[in-house]
Amino acid sequence: MLRRVVRQSKFRHVFGQAVRNDQCYDDIRVSRVTWDSSFCAVNPKFVAIIIDASGGGAFLVLPLQKTGRIDKVYPTVCGHTGPVLDIDWCPHNDHVIASGSEDCTVMVWQIPENGLENPLSEPVVVLEGHSKRVGIVSWHPTARNVLLSAGCDNQIVIWNVATGEAMINLEDMHPDVIFSVSWSRNGSLLCTACKDKKVRVIDPRKKKIVAEKDKAHEGARPMRAIFLADGNIFTTGFSRMSERQLALWKTENMDEPICVQEMDSSNGVLLPFYDPDTSVVYLCGKGDSSIRYFEITDEAPFVHYLNTFSTKEPQRGMGYMPKRGLDVNKCEIARFYKLHERKCEPIIMTVPRKSDLFQDDLYPDTAGPDPALEAEEWFAGKNGGPILIALKDGYVSTKTRDLKVVKTNVLETKPATKAEHISTKMEDKLEEVLREFKSLRDRVILQDRRIARLEEQVAKVSPSPVHIWCWEGTTHLACVSPNPRQTVLCT
């Protein structure tokens with residue numbers, strides 16, 4: 001009799017657990033915008049959540065330790081004039097976050113060391129280049145100050161944030177809405193999923209499509225595509241029968257997938273979160289109440305189902321903590337921030353181990369906060385993999401680091417205090433008024449001179465033909481000329 005052999009994996013018994021109620025973030029009005037974004041971004045210092053806001057777009061930025069009920073008047077980041085659709089923390093500075101909005105702009109914000117004390121409405125820089133709403137923002141994984149944005153104008157723009165310039169504009173590559181954009185491990189390539197059912201691999205600096213696959217998933221609902229650490233591409237989408245699918249592809253040859261798996265018939269878009277250190281992919285469906293996770297290996301069937309973590313409440317969005325923000329002493333390999341209708345609930349994924357010692361096999365060196373390249377080097381064609389750090393002693397978050405670039409970096413400027421900001425604005429306004437006053441005074445003087453010259457010229461002109469008028473019943477005649485100075489009253 002054949003005995004079924006169960007594949008060995010150290011992640012087979014990953015244990016998921018939601019935190020206690022007092023460790024959640026309560027009374028948060030999570031955004032209701034109909035856009036398939038995660039609505040949440042997390043780093044080792046802050047959690048940012050897109051919220052409902054009247055009169056524009058806003059998102060909350062909370063220090064991780066500020067749990068419990070969040071006051072309704074808690075300050076927000078509120079500079080956009082339309083709803084915020086996507087946010088992303090800079091991987092090289094835990095105090096810098098980018099946001100894309102329906103107002104067609106991308107804004108980059110600097111968050112104070114201890115979080116917000118007053119509403120933040122002045123971004124460090126505003127990036128304007130899209131003609132329709134901006135639904136995707138994503139920082140370069142290894143180059144400092146390089147930011148990507150994708151809009152509903154079907155364009156991808158890559159910015160040098162340090163100068164506020166659009167350096168690369170990828171247009172005419174996507175005929176329809178772009179569902180997702182993912183950087184490769186070293187940031188040399190992009191992988192996109194589009195509404196035309198194509199998955200494209202793009203070299204952004206050469207503005208060239210390296211590879212593409214038509215009908216990667218035949219269903220009409222949105223797809224997602226991400227790069228894996230080995231250069232392969234992982235996609236989620238829908239079959240022709242509207243069943244949810246996942247697939248694995250080789251970049252060199254996308255004619256046929258390495259593998260395809262069908263999951264269920266739910267209609268929520270699957271958001272993939274990938275851990276390159278452990279090769280585990282977590283799939284969180286919008287509107288689902290579960291998180292499925294899979295391990296990707298070189299052995300068939302290549303994408304191995306591990307387990308499912310389920311809760312009672314459906315999720316409206318999901319944030320994913322970078323590896324350096326996890327608690328290595330508790331064998332924590334992933335942490336999610338699940339958005340409910342009115343709260344944010346952290347979910348901790350751990351691998352049960354009896355030993356209290358540091359587990360080397362669970363925590364290989366991971367990407368640290370230091371960039372491998374400056375923006376100018378990357379735009380010039382240079383590539384660099386992530387600079388790795390060890391997690392044995394845990395990651396200690398540093399204070400705001402100065403960003404070093406060749407040109408003047410707008411992010412190096414420390415945010416001015418409120419009083420300084422008001423004073424500067426009043427001075428600028430006063431200078432503007434004085435300039436306008438001087439301009440008007442000069443214009444009046446010139447007009448006076450011009451009128452005087454014209455009067456002199458009119459006086460020298462010979463008299464025009466005189467018209468004689470006689471009013472009935474009088475003995476007076478009026479000699480009228482077009483020139484008022486030559487009108488004479490005669491008897």
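Over residues 402-408, pLDDT stays under 50, and the model has 19 contacts for this stretch beyond four places in sequence. The model is a predicted one, and a second stretch deserves the same caution: pLDDT also stays under 50 over residues 487-491, for which there are 13 contacts beyond four places in sequence. Strand 35 (residues 488-490) has the lowest mean pLDDT among the elements of the chain, at 48. The highest mean, 97, belongs to strand 3. For the chain, the mean pLDDT is 86, and 87% of the residues reach 70 or more.

Strand 3 leads to the first sheet to be considered here. This is an open sheet of four strands, arranged in the order 3-4-5-7 with antiparallel pairing. Strand 3 (40-42) and strand 7 (77-80) each have a single partner strand and stand at the edges, so one side of each is left without a neighbour in the sheet. On average, neighbouring strands of this sheet are turned by 20 degrees against each other, direction ignored. Within the sheet order 3-4-5-7, strand 4 (residues 46-51) and strand 5 (residues 57-63) are joined in the antiparallel sense by six bridges. Ile 49 stands opposite Leu 60 of strand 5.

The UniProt record, in an unreviewed entry, lists residues 77-111, 127-169 and 171-212 under "repeat: WD". In the model, residues 77-111 are 63% strand and 0% helix, and the C-alpha atoms at the two ends of this segment lie 9 Å apart.

Further along the chain, strand 25 (residues 280-285) shows a different setting. Six of its six residues are buried, so strand 25 is largely enclosed by the rest of the structure. Both of its faces are covered: Val 280, Tyr 282 and Cys 284 are buried on one side, and Val 281, Leu 283 and Gly 285 are buried on the other.

The pairing of strand 25 can be followed to two partners. With strand 24 (residues 270-275), strand 25 pairs in the antiparallel sense over six bridges, and Pro 272 stands opposite Leu 283. Four residues lie between the strands of this hairpin, in which Ser 279 takes a positive phi near 55 degrees. With strand 26 (residues 290-296), strand 25 pairs in the antiparallel sense over five bridges, and Ile 291 is the bridge partner of Cys 284. Strands 25 and 26 likewise form a hairpin with four residues between them, and Gly 287 in the turn has a positive phi of about 90 degrees.

Note on methods
Residues are numbered from 1 along each chain as its sequence is written. This is a predicted model: local features need pLDDT of at least 70, side-chain atom pairs count only at pLDDT 80 or more; totals for chains, interfaces and linings use all residues. Side-chain values use heavy atoms; hydrogens and water are left out. UniProt positions are given in the numbering used here, feature names are shortened, and annotations may be inferred rather than shown by experiment. Two strands pair if DSSP finds at least two bridges between them. Axes are lines fitted to C-alpha atoms, for helices over the stretch in contact, and angles run from 0 to 180 degrees between N-to-C directions. pLDDT is the predictor's confidence in each residue, from 0 to 100. Contact means heavy atoms within 4.5 Å. Buried means under 20% relative accessible area, exposed over 50%, partly exposed in between (1.4 Å probe, protein chains only).
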